[in-house]
Amino acid sequence: MLTDNFGRKFYYLRLSITDVCNFRCSYCLPDGYQCDQKRDFLSVPEIKRIANAFAQMGTEKIRITGGEPSLRKDLPEIIATCKQTPGIKRVAITSNGFKLPEHLPAWLDAGIDAINISIDSLDPRQFNAITGHNKLPHILKGIDMALADGRPSIKVNTVLMREYNGYDIQTYLDWLKDTPVTLRFIELMQTGDNKKFFDAQHVQGSRIRQNLILDGWLPAIRDRSSGPAQEFYHPDYLGRIGLIMPYSKDFCNSCNRLRISSLGKLHLCLFTEQGLSLKEYLQQDDIEPLKAQITAMMTDKQATHFLHENLTGATTNLSMLGG
Ligand code: SAM
Ligand code: SF4
């Protein structure tokens with residue numbers, strides 16, 4: 001089992017398959033994706049070796065992310081590859097869902113277990129202002145289709161921002177009354193590129209937590225491959241609420257995930273100084289050297305991120321790594 005110096009075990013891998021994105025989220029890529037060099041993203045055989053290596057070291061869940069993962073035409077093959085890896089129990093994806101109705105059947109055929117869609121406002125005009133795309137109704141249609149299918153679990157990611165949703169979550173609560181999704185409010189994180197936006201928009205999730213508890217929301221039980229969200233349910237609501245509060249005390253104590261970038265680098269934390277390249281170990285079918293290298297790299301994992309000291313490492317924005 002992959003373990004670090006602090007006894008944490010890593011059941012969960014976040015695998016970025018591209019850093020390209022078609023949205024312009026204000027906190028992530030406000031000027032859109034910019035890159036003038038050709039990028040050599042992980043191939044399906046390389047992904048297969050990564051999935052096998054991690055699974056053999058105890059990983060049970062893989063989340064495919066980006067950039068926008070659905071921009072890759074071979075995404076269904078990537079989902080199927082992860083899903084068919086012995087030891088991997090759950091394959092999830094995080095997507096902006098811009099073509100969810102069109103993509104959903106292929107994802108389901110490939111065996112997807114869980115879909116997270118990012119929706120930072122349920123108001124179409126605000127959604128457009130945040131992402132640069134007038135796609136909210138289309139994305140909500142895709143969510144309805146996924147719910148009607150019934151197989152994947154559906155979560156919605158909402159980044160808390162002072163201007164849009166930081167103080168008034170009533171629209172979300174109304175939606176959750178009859179919609180069986182888990183809505184996760186994520187505290188805005190500072191990255192290398194967004195300091196000004198962060199300073200203007202960051203709000204703490206703890207106030208929402210207090211209000212939820214006062215309104216009768218109850219804490220749910222976590223399993224070992226769950227993410228860092230504190231989750232709540234309410235007998236009067238079909239939906240659930242999760243809170244991801246990376247600035248809260250002890251957030252990193254329960255860290256159970258590692259990250260691989262689309263360029264094949266291992267990132268021990270979202271906010272490390274650099275990724276550790278695994279590319280040369282991904283070129284052969286014998287995965288023992290790859291496993292040994294990952295194990296050796298684990299000794300560098302730190303106890304916590306340094307966001308409280310405004311140190312964001314080399315992460316200029318989260319499309320680089322997938323959040
Ligand atoms: N493009 C996909 C999407 O938006 O869902 C996947 C990649 S995106 C980087 C993954 C998640 O990170 C999204 O839910 C996004 O809202 C979140 N995210 C991006 N930048 C963030 C930031 N600075 N603070 C908190 N969450 C952020
Ligand atoms: Fe793209 Fe996701 Fe970043 Fe938005 S949060 S710009 S959809 S990578």
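This passage walks through a predicted model of a protein and its two ligands, going from the overall fold to the ligand surroundings.

Start with the big picture. The protein's 323 residues would, as a compact globule, give a radius of gyration near 20 Å, and the value of 19 Å found here agrees with that. Laid along the principal axes, the C-alpha atoms fill a box of roughly 55 × 45 × 40 Å. As for how much of the chain is tucked away, 58% of the residues count as buried.

Next comes the secondary structure. The protein has nine helices and 12 strands. The 12 strands form an open sheet with mixed pairing, and reading across it gives the order E7-E8-E9-E6-E5-E4-E3-E2-E1-E10-E11-E12. At the edges of this sheet stand strand E7 (218–219) and strand E12 (276–277); each has a single partner strand, so one side of each is left without a neighbour in the sheet. In general, strands of a sheet pair through backbone hydrogen bonds, and they can do this either parallel or antiparallel. E7 and strand E8 (residues 230–233) run antiparallel and are joined by two bridges. Looking at the residues involved, Pro219 has Phe232 in E8 as its bridge partner.

Now for ligand 1. A total of 18 residues surround it, and the closest are Tyr27, Gly67, Ser118, Asn157 and Met189. Sorted by type, the shell around ligand 1 holds six nonpolar, 10 polar and two charged residues. Several polar contacts involve nitrogen atoms of the ligand. A backbone N or O atom of Met189 sits 2.8 Å from a nitrogen atom of ligand 1. For Gly67, a polar backbone atom is 2.9 Å from a nitrogen atom of ligand 1. With Glu68 the side chain is involved: one of its N or O atoms is 3.2 Å from a nitrogen atom of ligand 1. Taken alone, ligand 1 would expose 540 Å², and the protein buries 95% of that. The sheet takes part too, since strand E3 (90–95), strand E5 (153–160) and strand E6 (182–187) are the elements that give two or more residues to the shell around ligand 1.

Finally, there is ligand 2. Its surroundings are made up of Cys21, Phe23, Cys25, Tyr27, Cys28, Leu29, Gly67, Asn96 and Ser319. By type, this shell divides into six nonpolar and three polar residues, with no charged ones. Two names come up again here: Tyr27 and Gly67 belong to the shell around ligand 2 and are also listed among the closest residues to ligand 1.

Notes
Residues numbered from 1 in each chain as written. Chains lettered and ligands numbered in written order. Predicted model: local features only at pLDDT ≥ 70, side-chain atom pairs only at ≥ 80, totals over all residues. Heavy atoms only, no water. Near = heavy atom within 4 Å. Nonpolar A, V, L, I, M, F, W, Y, C, P; charged D, E, K, R; others polar. Polar contact = N/O pair within 3.5 Å; in protein donor to acceptor, adjacent residues only side chain to side chain. Areas by Shrake-Rupley, 256 points an atom, 1.4 Å probe, with all protein chains shown as cover. Helix = DSSP H or I, 4+ residues; strand = E, 2+ residues; numbered from the N terminus. Pairing = 2+ DSSP bridges. Rg over C-alpha atoms; globule rule 2.2 N^0.38 Å. Buried < 20%, exposed > 50% of the residue type's maximum accessible area, 1.4 Å probe, protein only.
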